[in-house]
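Biologist: I'd like to learn how to read a fold from its coordinates. Can you take me through one, starting with burial?

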Amino acid sequence: MSQAGDELFGEEQRDDPLAGAMLDTLAVRAGQRRSMEGEHSEAIYTTSSYVFASAAEAAARFSGEQPGNVYSRYTNPTVRTFEERIAALEGAEQAVATSSGMAAILSTCLALLKSGDHIVCSRSVFGTTTVLLNKYLGKFGVDTSVVPLTDIAAWEAAIRPQTKLLFLETPSNPLCEVGDLAALSALAKRHNVLLVVDNCLCTPALQRPLEMGADIVIHSATKYLDGQGRCLGGVALGRSELMDEVLGFVRSAGPTMSPFNAWVFLKGLETLRLRMEAHSASAMTLARWLTEQPAVEKVFYSGLENHPGHALAAQQQSGFGGVLSFRVVGGREQAWQVIDSTRILSLTANLGDAKTTIVHPATTTHGRLSAEDKAASGITENLIRVAVGLEAIADIKIDLQRGLALI
Ligand SMILES: *Cc1c(COP(=O)(O)O)cnc(C)c1O
């Protein structure tokens, strides 16, 4: 269980017993260092700073001559355990934890881009990501072009000499479009730009973009890594050469992850694969059931054979995830009726929770989009998104059936 860097805990260095271990083992064990207290569960180190044995040691720590903790904006043992565990799961050389998913995206962009650079971004990304890139990075001279996720020719056409980074999520939320990671990473390499994948909806339990050629993976740990809707957090992962830059930014700017949140995410990682399989199985059952309902016009879930992204999702993911959406027969009134008739499902925009959530994208998560952008993105007034949780699927069906029966 001990790993390199154990000088802080007085353990002698040994060969890494987790070398070559499988995902389930890494999810439970990677990154843990036991202190002298011998705790079995990971400790939470809630401390802002660290003391030194002598002035000489303080000097050596500050100069970087001697590794070790100085201040929790720089390093924290609980945060480091989370970073090492998620890095092991994604197959990344290094991870940098942040205070939220948005902080991970911001830190990656500010660390690796400069004024005059250009980003090509999928049209189907988290709404706040679009705002961050367009409004805030735009203010500092970083330009963003938006392209349809599945149109590789459009990605290529949007690349300019100033392009530094391609950014996407796959599968997309809420329509489950699937981006071709192998094709996009080949494109990125051909043009010498970085491919950044927000892997929030799949998690490493279902998809590992770095293995398919992505340069950087981003997570909102707030979602499935936590899994129970308790804490905000994020992480960027990739080669050390890139992550050292991101780490430098986080240390200077301060969007660090709190040790308590890191501990919650660590515990979440231990059950991640089991949960993702359960979310995927329930979403599959619900998607099939919805296709049979007369009040449902269309179901969007990449696990369904007739979904345009099905073959690709089956190839690059080991499961289809917990998020699906569907259009009811009718418009906003009918969609709201289904949502307002639920008694168990939570009406909230969050996802990745044990509790199933339901939302009307056109008036909430995607409410800021113009009418044309909504039309182009398929966010119609009769669309409902469900992020399937861990309740008994029979009860979720009853909850949705109540409103569907009124249509
Ligand atoms: C929620 C989310 C984010 C932002 O994460 P926060 O932790 O809320 O800052 C980014 N990307 C995706 C895909 C998300 O769902």
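Modeller: Sure, but keep in mind that this is a predicted model. A residue is called buried if 20 or more other C-beta atoms lie within 10 Å of its own.

Biologist: Which residues of helix 7 are buried?

Modeller: In helix 7, which spans residues 181–190, they are Leu181, Leu184, Leu187 and Ala188. These four cover an arc of only 125° around the axis, so they sit on the same side of helix 7.

Biologist: And what do the buried residues of helix 7 pack against?

Modeller: Two helices and two strands: helix 6 (152–158) and helix 12 (310–316), plus strand 4 (163–169) and strand 5 (194–198). After helix 7 comes asparagine 192, with a positive phi near 55°.

Biologist: Now the sheet. In what order do the seven strands run?

Modeller: For a sheet, you work out which strands pair, then read off the order. Here the sheet is open, the order is 1-7-6-5-4-2-3, and the pairing is mixed. Strand 1 (94–98) and strand 3 (143–147) are the edge strands, each pairing on one side only. From one strand to the next, the twist averages 20°.

Biologist: In which sense do strand 2 and strand 3 pair?

Modeller: Parallel, over five bridges, with strand 2 covering residues 118–122. Take isoleucine 119: its bridge partner in strand 3 is threonine 144.

Biologist: Which strands does helix 9 lie across?

Modeller: Helix 9 (residues 240–253) lies across strand 1, strand 6 (216–220) and strand 7 (234–238). Its angle to strand 1 is about 20°.

Note on methods: Residues are numbered from 1 along each chain as its sequence is written. This is a predicted model: local features need pLDDT of at least 70, side-chain atom pairs count only at pLDDT 80 or more; totals for chains, interfaces and linings use all residues. Two strands pair if DSSP finds at least two bridges between them. Axes are lines fitted to C-alpha atoms, for helices over the stretch in contact, and angles run from 0 to 180 degrees between N-to-C directions. Two residues are in contact if their C-beta atoms, placed from the backbone, lie within 7 Å. A residue is buried if 20 or more other C-beta atoms lie within 10 Å of its own, exposed if 12 or fewer, and partly exposed in between; C-beta atoms are placed from the backbone. The arc is that of the directions from the helix axis to the C-beta atoms.
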